[in-house]
Each structure stands twice: as C-alpha cells, then as structure tokens.
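Me: I would like to go slowly through how the chains of a protein model meet and what lies inside them. Could we take it as questions and answers?

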Amino acid sequence: MELLIKNGYVFDPLNGINGEKMDIAVKSGKIVEKVSKKAKVIDASGMTVMPGGVDIHSHIAGGKVNSGRMLRPEDHFRDVEKKTAVTRSGVGYSIPSTFTTGYRYARMGWTTVMDPAMPPLEAKHTHEELSDIPIIDKASYPLLGDWWFVLEYLRDGRIEECARHVAWMLKATKGYAIKIVNPGGLEAWGFGRNVHSINDPIPNFCITPREIIRGLCKVNKLLHLPHTIHLHTNNLGMPGNYLTTLETMRCVEDMYDGGKPVMHITHCQFSAFKGEDWRTFDTGAEEIAEYMNAHSHVTLDMGQVIFTDTTTMTADGPFQYTLYTLTGNKWVNHDVETETSSGIVPFQYRPKSAVHATQWSIGLELALLIKDPWKIFLTTDHPNAGPFIGYPQVIAWLMSCKAREETLKKLHPKARKKSLLPTINREFSLYDIAVVTRAGQALALGLTFKGHLGVGADADIAIYNINPEKLDPSRDYEAVIKAFGCAAYTIKGGDIVVENGEVLKHVPGATLWVNVETCKPCEMEVDEGLKRRFREYWTVEYENYPVDEHYLAISRKINVKADV
Amino acid sequence: MMIVLTPIREFKVPIFAECISPEVFEGKNIVQIGQLPVYEGNREKKLQELFKIEEAKTAEGVAEPAITIQGDVSKLKYIGAGMTKGEIVINGSVGMYLGEEMKGGKITVYGNAGGWAGSAMKGGTIEIHGDAGDYLAAPYRGSTQGMSGGKIIVYGNAGVDAGAYMRKGIIKVHGNAGQFVGVGMHDGVIYVKGNCDGRAGSCMTGGTIVISGFIESILPTFTFEGLKKKVKIEESEVVEVPLYLFIGDLTENGKGKLYVSKANNPQLYYYERFL
C-alpha cells in the first residue's frame, strides 16, 4: 500500500528537520523517496508530523505485571474499555490488559515500547503477553545483574566467557538489552539483606555492585549490543541516594571512548533524592544535572511522577518491601530462584504529600536542567510513577511554565518551597519533545529503523492536531494535552491504525530481539558439566529453558556480531 | 410527583439498572423514563420493557424526587448507585450493589437486600427491613476505600464482612451478623444488636464495634482493656449495659475498640482475671 502525508509540519530530529512543511511518502511499510499517483493521500496541513513514539522503559508485560493485575481488581473496576467492531474489550487503569495497552499507546501515537524487566525464567510468559499486545512493536530486557552465572564469571574475572554467556541468555530469552536492577542487592535479598553502596560486598560472591556494573558494561561493549546497559541504581527510592547515582555514573567514566554512551540510568527521578531521611527529603536534581551537563557517557530517563493512584512494580524486592512498610498497603514479593527478585505495591501519589510533591518536582527539574534533550528521555516508568497515559500531561509540563505553575500551586507548601521549578524558565519546543519522546530514545536503543522519518525507516508515524504556527504551547497547554492524548493519525508499518484517537485496525506488532553471533559457542552449550549443574539446581530443564523463535508471534531479529 | 415501577414479569437473569436513581428520573416524563437503557443479561433493553411505569402522588414524609418499586427486584443490580438526593422505596427484595457509592438521599427496602448494599457509600441513609446480604457497605474487591459516611440500618440479619474497610459513618444491625464484622475498618461505628459469628474486628485499625449479643470468642490479637458501663453509638443512642472492651487488631498495630456485652457472653468471664 502506498501513502502520502501532505503538507504537515515535520519534526524529525534525527534528520535535523525542525517543523518544515514537507511531504512524507510511504510504500510497503517503509518510508520512501516518492510514491505513485495512486497513493492514498493524508492531508496533514496545519498538523504536526513526528516519527512514531518510542518508549525506552515501560512495564507492559510479564509475570510481575500479571501478578499486579491479579492483585488489583479495584484498579480495573473503574476503567473498562468496551469492544468495538475492530478492537477487543479490556480494562485499565495502571496495569491495563494486553489489548488495551496496545490500543492506548497507539492512540497517543506511540509505536515502539520496551518492557524493561524480564526474569529469564519467566521469558516465555513475557513473550506470550508481548505477542498479544497489538499494534506496537516491543522488546524486553532480561534481568542479568544478579544472575548466578554472571556473578560467578565476573568473580573469576572471566569476562569473555561472561560475554558469551550473556549472548546465549539474550538468545535464550529473546531479549534486547542487559537490564541490571539494584546490582547485588537482589542476590542479597534472597538472604534477607541488601547492599547500600556500590562498594558493598555481595554475600557469597565476594564481588561488589561496582564490579557487576563495570563487568556488564564491558560485556555490552564486547557484544556490540545496540543499547547500553540499562541500570536501575542501588539505593533506589532512599533519601540521599543521589550520591550513589553519581558514584555509579563515575564508575564507568573510563569506558567511554567519545562515541556512544555506555550506560543508561533509568527512572532517574527515583535515584535523585537528597536528605538524610523522609523529613529532610530534598531534590538532588541539580547535582545530577550538573554532572550530566559535563559528561556524555550516560543517558537517563525521567520516571516522572503523575499524581494518581498507581501500582509500583520492580525487580527490586528489598525496595518494594520498604515501600510496603511505609504504606502498609497490600504487597507481593517474589524471589525468582537464582536470577532476580520482584515486588509489587499499590501506591497513590498525592500533591499534598511533601515527599510525593518533591518527587514530582525532581523529575521535571532533571529534564529541564539537563541542557541536552538527547541525554534524558520522557518516561513515567509506567506504572511505577504513573501510567503511560499521563505522557501528554508530562509533555505539557515540559512545554509550559504556566502548566507547571498551575500544578505547583496545588502542592504541599514544604515541597513548593524546596522545588527548583519556579527558578527555571526553560520550555521545551516541539522539536525537543520529538527528541525526548522518540528520536533520543530510538538513538539510545540503537534502533536505526525507528524514531526518524528518513528514507528506509519503518513507516511508524504520528500526526497530531497541533499547528506550530498558530498554537502557543506555553499558554495553551490544555490543547497540547488533548492533541498528544488523541493522535489525529497513527501509522504503523504503513497502515493507518488510528484516526482521531479511534483505533481503526487491530494489527499485530513485532517482537524485537538481538541475535548475537559469537566467535566461539557459549560454554553453556558445550560444557556437559554446566548443563548438569543447570539440571540439578534449576526448576526448569536446560532444554526447556530457552524461548524458541517460533514462540514469538512476529519475530524481528536484529543480528549483531560480537568480538568474542 | 413520585414514579412507581412495577415489574411486568418475573426476572430470570441479572439486570444492570444504574438508571433507577432519583437524579436520573428527575425532570423526565414517563415516556422518557421508559426509554432509559438497562441490560438484561447481555441484551440492552428499555426500562418500559421490564416495568410498568406510572406517576403517583408522593406519599407523606417521602422526599422528592421519589421512586417506588412495587414487587420483587432481587435480580436488579445497582439501584440508586451514586444517588445524591431524593428517596427510593422498594416494597420487595432487591439485588446486589443497592445504593453503591451513594452520596445522599434515602433508600428504604421492605424486604431483603443482596450483597454489597451501600458499597463504599459516602453519605445518605439506607434502611433494610429484611436481611442484608454479605459485604454490607464493603468496597469493591481489592479496594480499601470502604464506607466513608452516611448510615445503614438493617432490621434483620447481615451476612459476612459487614462494614469491611469502613472509614466513617454508622451501621446498625438489629439482628445477627456473620463472620468478620468490621474487617479492616479504620473508623466509624458498627452496632450489632444480635449475635455475631466470630472474628469480629479482624485487621481493624480504628473505629468502634459494639456487639450486644453472643460472640463465641475474641480474636487472640486483641488485648483486654477492661469493663465499661456504657458506650455511645451516636448522639441520640447510648447502650447502657456492662461491656467488655477489647483493643486491636494488634497484627495491624490497630487501636480499634471492640465492645462485647458481658451479660450475654459468660464464656468470656475468664478475661476478668486480668482486671
């Protein structure tokens, strides 16, 4: 099918296009130079055209998400989606069902979403859910920071074997990147303990979180993975943790060679807390922004808080336990054998709570104080700091001082006094928004065929009802929220899937995964001793552990050649 | 004027009837009311297909806008859900979720009510002259935002989990109550005049439960506080009999008060040695 999008104001930061009026041509799912006269024409005059949105970190599938759904019937009760002629029924709110997840992302113009926490043991479940999510393309990051094999290889200094093992794990779980959550802390949590700095020894392994981070960072380089290591820091959610975050960023400084960044610190808002306890809780955004402005080896995402009732879920078992003791809410905590842990606690962010309000402020301060939008991306760590349907609201806060002031007025006075936001005048342009919601994220993920509208890219396009020549987002931020919440058109792989916020077509989306070709096979494949050990200690047999490619509804393999 | 609804036939499958609510009916004539949509099972129907709808003079003492239902509507769910004013009188039994999240007005049932009557209600009054089902005033499954205001009076018995996660308001049960009265309650008053099946006040963190009848045992996570001569239920009502007072539930660091009649519970006499 051919498609021609005419006369839109195009924002395509990866190709340096900033609001130029131009036509975009689409043929058989790709962006092309020209189309024939038979092409269907979309009149986008007076509208904003952007590449389809990319989300680097959003918990949309897997065992944890599903446990969250079961834990929270009251979350679905008020947010029911009826079926239509083309769409299936479903429920929201903070943990939407699979179909609803796909539709809601597509309605906002997002077309690629990364699920950031897959326990390898639950990879099959995760892929079953990912296959079910319609329209959007997706991928998942296996949790490898506390996996026994990795810890052992790093302890023994066998970095090349470790790299081959990680390559095998990525293939076995059909994963996309290396996810590290509270390195060492999750292993310690298996014994009721935690680690409190990146230099604390991990029980039974005699290594430190620093060695895990550096080791896996090296592995990432040896394997030439498209994304960097994706890190959830130690001490997350604890007052004073901005120091840990700074130390974590410093610990890989020497690995940067001036090219691609080497580390992504995710939902940085939760890792930028100052103060000694909850009473003296303050923002550490300024220090982190200062560091980020001076260095280029790290990228961040916001983890912006939205004031609503949501569900927190991370692989960080000890942190989730702390959250339970703070709130007294119902909770789930889980030890995933030798791999990782996890926890779920429902949570309500209230503007009248000094801590929550300061958290809200920290997220925006980070985004606004870090000068280069290519270094920090828009996320809410869905659903931890708020469900992804809050993105339009976050965009409005970034684009308009007035929108921020309106919210600041409702905050706890203590938080309002501490907030740096009144001193910041910066307002994002549509170009900046295109960077933080699509181009920057695609670049950080190494997705060469997403996040831009150059010839050869996937025809994932979002068209919004915003006329950049007429609308002043700074003043009329309500219109911005409306436009980003309800895309005029969403085009996925050349198909028009959404028109005026209504889903027109239920198309399946692909699952992306990285196939690393190593020079030597992984020891796991050839060493009978390792296989036997796996058979003896794991609940799943070695043969049943990997996820077959045919298990994915639509598999999209990204081949990478490794050094080892 | 008052709208009178009379079922045309016996209902066999559940009917979702949120539209039977004073503010929905207000300002509409009989024809418009007849066109209101309801779901009978999975089929959308009009209200007039299920009910004879008439107008009558409002009975004395009934607040307007008023609705009267004549007959058994135990298959109808969500009657009076979210209502803020007016009055509904039901001469017969009624189904689940009666007056769910209502904020004001009054519902009177001369018959029995199904489960979740007054679920998470915020204000107003519900009077049930027969029995109430399980989960009286309890919030939806999984939620801890229970009843936060208003008053429920049951002249018959109540099922299990009455007043679960209650935060404010009064529940009075003249008959007996099932297990787990006031489970997880934070505040408010529950008064059971009859007997109680046990596990009263489990997981409560605050509030008051008064049991005038028999309860076999008190949960071991409650401490014995002493003997009291009377307890106040509301402004106009004080129970003046000797009562044992227990504080709990300690598993939740709770400070809820559980009063139990001394006269009807001789099996609890051994607590007095702690005095």
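Reply: The questions below go from the interface to the cores. This is a predicted model, in which local features need pLDDT of at least 70, side-chain atom pairs count only at pLDDT 80 or more, and totals for chains, interfaces and linings use all residues. Residues are numbered from 1 along each chain as its sequence is written, chains are lettered from A and ligands numbered from 1 in the order in which they are written, and side-chain values use heavy atoms, with hydrogens and water left out.

Me: How many residues of chain B are in contact with chain A?
Reply: Contact means heavy atoms within 4.5 Å. Five residues of chain A take part, and on the side of chain B the number is seven.

Me: Which side chains meet in a salt bridge between chain B and chain A?
Reply: A salt bridge needs a side-chain nitrogen of Lys or Arg within 4 Å of a carboxyl oxygen of Asp or Glu. The count between the two chains is one. With 2.8 Å from N to O, the pair is Arg78(A) and Glu101(B).

Me: Which helix of chain A gives the most to the largest nonpolar core?
Reply: Such a core is a set of buried (under 20% relative accessible area, 1.4 Å probe, protein chains only) Ala, Val, Leu, Ile, Met, Phe, Trp, Tyr and Cys residues joined through side-chain atoms within 4.5 Å. The largest one has 143 residues, and Leu223(A) is among those with the most contacts inside it. Helices are DSSP runs (H or I, at least four residues), numbered from the N terminus. With nine residues in this core, the helix that spans residues 430–445 is H16.

Notes: Buried means under 20% relative accessible area, exposed over 50%, partly exposed in between (1.4 Å probe, protein chains only). Helices (H or I, at least four residues) and strands (E, at least two) are DSSP runs, numbered from the N terminus.
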